[in-house]
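Student: I should like a close look at a single part of this model. Please describe one strand with its surroundings, and then follow the account outward to other contacts.

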Amino acid sequence: MSSTIYSSLDAYFWERRPLIGMVHLAALPGSPLYSGYGMNPVISQAVADARALEAGGANAVMVENFFDAPFARGSLPPHTVAALALAVSAVRAATSLPVGVNALRNDALTAIAVASTCGAQFVRINVYVGAAVTDQGIIQGAARESILYRKELNADVAIFADVFVKHATQLGTGSLADAAKDAVERGLADALIVSGTATGADTNPEDVRTVKHAVPGTQVLVGSGFNTLTAVSLLEHADGAIVGTSLKRDGIVSNPVDEERVRDLRSVMDGTV
């Protein structure tokens, strides 16, 4: 079963096993670590990172309010929504690559609205089915509201859903395979994401295999710990990866994107090194 109504991410996008690079936005206005210097420095760094990702061979970028921690558990405040939309629009104008949106911690409606309004092609939703205990408390799945809102907007936006998302413990006794099936067959997700326990943490290749086996007709992405040392084993079952930390200068998540690191990882994924 598929909920797909979009055309911007077609089969060609998946043929090369996409490398989706993260644009981690600096702290936005109103968040605890906001610098107070306005949006210009935030946008300048976001655009620079997006351009470095494209130059290094990434196939898409995802914009995320990564440095807004501690994150809101529910809906983002209006000022954060406005800042996120401004940043996504700037990145969209700066690159020819497909653009994704993640509104942390789990504001699915904001992600879909910003993506649709700004011309982005996909969103990431961290807790899509079931419920999870996170550092924000208990977060419940957003599948129904996401699908209905996308339909209401007639949005050309793909939904990438995490299964057993990082920085969280899943409630209940269901297996990883069960969650994958629920996300696709009942939640109508377009692609799934499998991660390690935290940002930058290794993803277990066996978890990727389990999810891919559970939903063989669905694209599965690695969501953390994907680098030049782990890429080959993870790609035995994954269809691509979302990568942040390992593409940053010196492998430090708070540093800018390093174009050479992007190029090196793309080369490993292509089998040219």
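Tutor: The account below begins with strand 3 and its partners, then turns to a second sheet and to salt bridges.

The model is predicted. Strand 3 comprises residues 99-102. Val-99 and Val-101 point one way from this strand, while Gly-100 and Asn-102 point the other way, and all are buried. In a regular strand, side chains alternate in this manner between the two faces of the sheet.

On one hand, strand 3 pairs with strand 2 (residues 60-64) in the parallel sense, over four bridges. Within this pairing, Val-61 stands opposite Val-99. The chain passes from strand 2 through helix 3 (residues 78-94) to strand 3, and this β-α-β crossover is right-handed.

Strand 3 also pairs with strand 4 (residues 122-125), again in the parallel sense, over two bridges. Here the bridge partner of Gly-100 is Phe-122 in strand 4. Strand 3, helix 4 (residues 108-118) and strand 4 form a right-handed β-α-β unit.

A separate description applies to strands 5, 6 and 8. These three strands form an open sheet in the order 6-5-8, with antiparallel pairing. Its edge strands are strand 6 (137-140) and strand 8 (168-170), each of which pairs on one side only. The twist averages 30 degrees from one strand to the next. Strand 5 (residues 131-134) and strand 6 run antiparallel and are joined by four bridges, and Ala-131 stands opposite Gln-140 in strand 6. Ile-138 also lies in strand 6; because its relative accessibility is 48%, Ile-138 counts as partly exposed. Together with Val-133 and Leu-171, Ile-138 makes a nonpolar surface patch of about 240 Å².

The structure holds eight salt bridges. One of them joins the side chains of Arg-150 and Asp-190, at 2.7 Å from N to O. This pair links distant parts of the chain, 40 residues apart: Arg-150 is in helix 5 (residues 143-153), and Asp-190 is in the loop between helix 6 (176-186) and strand 9 (191-194). Arg-150 counts as buried because its relative accessibility is 2%, and Asp-190 counts as buried at 11%.

Glu-206 and Arg-209 form another salt bridge, with the closest N and O atoms 2.9 Å apart. These residues are three apart in helix 7 (residues 205-214), so about one helical turn separates them. Arg-209 is partly exposed at 30% relative accessibility, and Glu-206 is partly exposed at 40%.

Methods
Residues are numbered from 1 along each chain as its sequence is written. This is a predicted model: local features need pLDDT of at least 70, side-chain atom pairs count only at pLDDT 80 or more; totals for chains, interfaces and linings use all residues. Side-chain values use heavy atoms; hydrogens and water are left out. Two strands pair if DSSP finds at least two bridges between them. Axes are lines fitted to C-alpha atoms, for helices over the stretch in contact, and angles run from 0 to 180 degrees between N-to-C directions. Patches are made of residues with over 30% relative accessible area and no salt bridge: like charges are joined within 9 Å, nonpolar side chains (Val, Leu, Ile, Met, Phe, Trp, Tyr) within 5 Å. Accessible areas come from the Shrake-Rupley method with a 1.4 Å probe; for residues, only the protein chains shown count as cover. A salt bridge is a side-chain nitrogen of Lys or Arg within 4 Å of a carboxyl oxygen of Asp or Glu. Buried means under 20% relative accessible area, exposed over 50%, partly exposed in between (1.4 Å probe, protein chains only). A crossover is right-handed if, with the strands pointing away from the viewer, the path from the first strand over the helix to the second runs clockwise.
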